[in-house]
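I sat down with a structure I had not seen before and kept notes as I went. Here is what I looked up, entry by entry.

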Amino acid sequence: MSSRENFGSRATVIMAMAGSAIGLGNIWRFPFIVGEYGGAAFILVYILCCFLLSLPIFLSESIIGRRTHQNTFGAMSTLAPGTAWKWLGLLTVFSPLIILSYYSVVGGWSFAYLCKAVTLQFKPENAEAVTSMFGQFSTSTWGPLVCMVIFLGLTALIVYFGVNKGIERFSKISIPVLFVLIVLIAVYSITLSGAGEGVKYLVNPDFSKLTPDAFAAALGQSFFSLSLGVGTMLTYSSYVSKDENILVSAGGTAFFDLLFAILAGFAVMPAVFAAGIAPSSGPGLVFETLPFIFAKMGSGAQIISAAVSILFFLTILVAALSSSISMMEVGVAYLVEEKKQPRHKATVLLFVVTLVIGVLCALSFGTLSGVKLFGNTIFNFCDKLASNFLMTVGALLFSVFVGWKMDKAAVRDELTNGGTLSGVKKLFPFVYFLIKYVTPVTIAAIFLISLFG
Ligand code: TRP
């Protein structure tokens with residue numbers, strides 16, 4: 001194990017983990033769901049979900065990863081030798097690759113839109129055409145494919161350089177830059193005339209919208225946003241050295257992820273309302289509504305609107321990349337450690353595998369839109385399979401494993417660094433209670449309700 005890399009310091013652990021967490025989920029998904037489910041009231045529920053349900057899952061993955069310093073499969077096989085738990089390890093080698101396949105399509109769109117912003121295609125005179133641009137682009141064949149290959153290629157390139165020279169170095173630069181960019185965009189957005197309505201949309205608590213669905217949505221969003229349930233944080237935690245405090249790294253990551261999501265809300269929604277547009281969800285918000293707004297604003301100060309549009313798509317691209325590398329690393333760690341492949345070979349192999357599924361996902365907006373799996377296009381099928389099933393089941397099983405299968409003394413030892421962290425020692429009974437009872441029961445209940453309800 002001596003050749004295995006570790007993250008360099010506490011700061012770089014949190015940067016890398018925040019890099020995985022902060023991504024498309026924060027920028028387009030979060031702002032929209034907040035409005036849909038009751039603004040500030042939903043944010044409160046979301047914060048509770050993050051810290052009472054998702055953080056225990058995060059800690060479960062961290063405990064398994066840091067205890068063994070191994071990939072997901074190796075970790076489960078070491079902690080529960082000769083049991084079926086190794087299949088959870090193997091499953092979580094594959095689930096991030098499914099997410100990576102469709103995530104890369106959206107990553108590719110971000111790259112394409114960054115190019116459009118740089119070549120000043122969002123102009124006031126073609127504001128109307130800008131909205132239909134996305135439909136034309138995403139249903140075409142070559143553009144989305146080429147951009148996806150570029151995005152996946154960049155991902156593989158960073159992963160190829162390894163944990164220290166690739167992932168850590170990239171996240172160390174990208175995370176601070178992302179925070180500066182999103183603050184700049186939020187300041188700009190809030191100062192637009194008519195932005196007040198957008199701010200209200202985010203901060204007005206509307207408790208009547210807090211339906212049971214809202215709780216399921218908050219939980220799902222926090223899993224996705226914190227990259228939980230598919231072994232990503234397990235793998236990253238396996239690169240954390242024995243003297244770090246994993247409660248601090250997990251808590252710090254959750255804090256920065258939440259902060260970024262809220263800042264993204266203030267970057268996006270005030271601009272949407274200032275332009276007098278009803279907020280739409282998903283890709284429509286980022287790739288139709290916002291370019292339209294950038295184009296409209298161009299009539300005032302073209303340079304500023306061009307600059308903001310470039311910064312915005314750059315932010316999305318970098319945030320998506322720092323997440324996609326974490327998905328690829330899970331499989332690379334497995335191939336290197338279990339199958340004894342050299343890192344470069346493992347990276348190329350996973351690049352090719354995700355490329356094949358990614359091509360199908362990219363084409364499912366146009367050429368292959370008629371191909372349906374259980375009534376969904378290939379892209380939507382992969383998204384639903386991952387978000388509604390793989391992540392929830394994985395999260396549930398990781399917490400059950402740590403709460404019920406692992407020795408309590410081992411869990412305490414790992415969380416408190418052999419009893420040396422006195423603060424964590426005091427919190428341990430509470431944290432253990434969350435991991436053992438609260439989290440699995442709540443997740444199972446929400447999962448069953450959403451499956452049969
Ligand atoms: N958390 C990232 C986002 O918000 C996406 C992500 C990265 C992810 N790794 C993951 C999601 C693993 C689920 C599982 O965009």
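**Entry 1: a start at Arg-10.** Is Arg-10 buried, partly exposed or exposed? I found that Arg-10 is partly exposed, with a relative accessible area of 40%. A reminder to myself: this is a predicted model.

**Entry 2: the partner of Arg-10.** I looked up what the side chain of Arg-10 meets, and it is Glu-244, in a salt bridge of 3.2 Å, N to O. The two sit in distant parts of the chain, 234 residues apart. Arg-10 belongs to helix H1 (residues 10-21), while Glu-244 lies in the loop between helix H11 (232-237) and helix H12 (246-274). Then I checked how covered Glu-244 is. Glu-244 has a relative accessible area of 12%, so it counts as buried, the cut-off being under 20%.

**Entry 3: the full count.** How many salt bridges does a search of the whole structure find? I got eight.

**Entry 4: Asp-413 and Arg-67.** Next I picked the salt bridge between Asp-413 and Arg-67, where the closest N and O atoms are 2.9 Å apart. This pair also links distant parts of the chain, with the two positions 346 residues apart. I placed Asp-413 in helix H17 (residues 408-415) and Arg-67 in helix H3 (residues 40-68). Asp-413 is partly exposed at 32% relative accessible area, and Arg-67 is partly exposed at 29%.

**Entry 5: a pair within one helix.** I wanted a local case too, and Lys-200 with Glu-197 gave me one: a salt bridge with the closest N and O atoms 3.2 Å apart. Both are in helix H9 (residues 196-203), and because they are three residues apart there, about one helical turn separates them. Lys-200 is partly exposed at 42% relative accessibility, and Glu-197 is partly exposed at 45%.

**Entry 6: a network.** Which residues are joined into one network by salt bridges that share partners? I wrote down Arg-66, Arg-67, Lys-242, Asp-413 and Glu-414. I followed up on Glu-414, which is found in helix H17. Its relative accessibility is 3%, so Glu-414 counts as buried. The side chains of Glu-414 and Arg-66 are joined by a polar contact of 2.5 Å.

**Entry 7: around the ligand.** I turned to the ligand and found 17 residues surrounding it. The closest are Ala-21, Leu-24, Gly-25, Tyr-103 and Phe-224.

What lies 2.6 Å from an oxygen atom of the ligand? I traced that to an N or O atom in the side chain of Tyr-103. Ala-21 takes part through its backbone, with an N or O atom 3.0 Å from a ligand oxygen. For Asn-26 I noted a polar side-chain atom 3.4 Å from an oxygen atom of the ligand.

How much of the ligand's accessible area does the protein cover? I found 100% of the 360 Å² that the ligand has on its own.

**Entry 8: the space and its walls.** I checked the cavities, and the largest cavity is the space taken by the ligand. Then I listed the elements that give two or more residues to the shell around the ligand: H1, helix H2 (24-36), helix H5 (85-118), helix H10 (212-225) and helix H14 (302-338). That brought me back to H1, where Arg-10 from my opening entry sits.

Methods. Residues are numbered from 1 along each chain as its sequence is written. This is a predicted model: local features need pLDDT of at least 70, side-chain atom pairs count only at pLDDT 80 or more; totals for chains, interfaces and linings use all residues. Side-chain values use heavy atoms; hydrogens and water are left out. A salt bridge is a side-chain nitrogen of Lys or Arg within 4 Å of a carboxyl oxygen of Asp or Glu. Helices (H or I, at least four residues) and strands (E, at least two) are DSSP runs, numbered from the N terminus. Buried means under 20% relative accessible area, exposed over 50%, partly exposed in between (1.4 Å probe, protein chains only). A residue is near a molecule or strand if one of its heavy atoms lies within 4 Å of it. A polar contact is a pair of N or O atoms within 3.5 Å; within protein, one must be able to donate a hydrogen and the other to accept it, and residues adjacent in sequence count only if both atoms are side-chain atoms. Accessible areas come from the Shrake-Rupley method with a 1.4 Å probe; for residues, only the protein chains shown count as cover. On a 1 Å grid over the protein atoms alone, a cavity is a set of points where a 1.4 Å probe fits but cannot get out, and a pocket is an open set with protein on both sides within 12 Å along at least five of seven lines; lining residues have an atom within 4 Å of a point. A molecule sits in a cavity or pocket if more than half of its atoms lie within 2 Å of its grid points.
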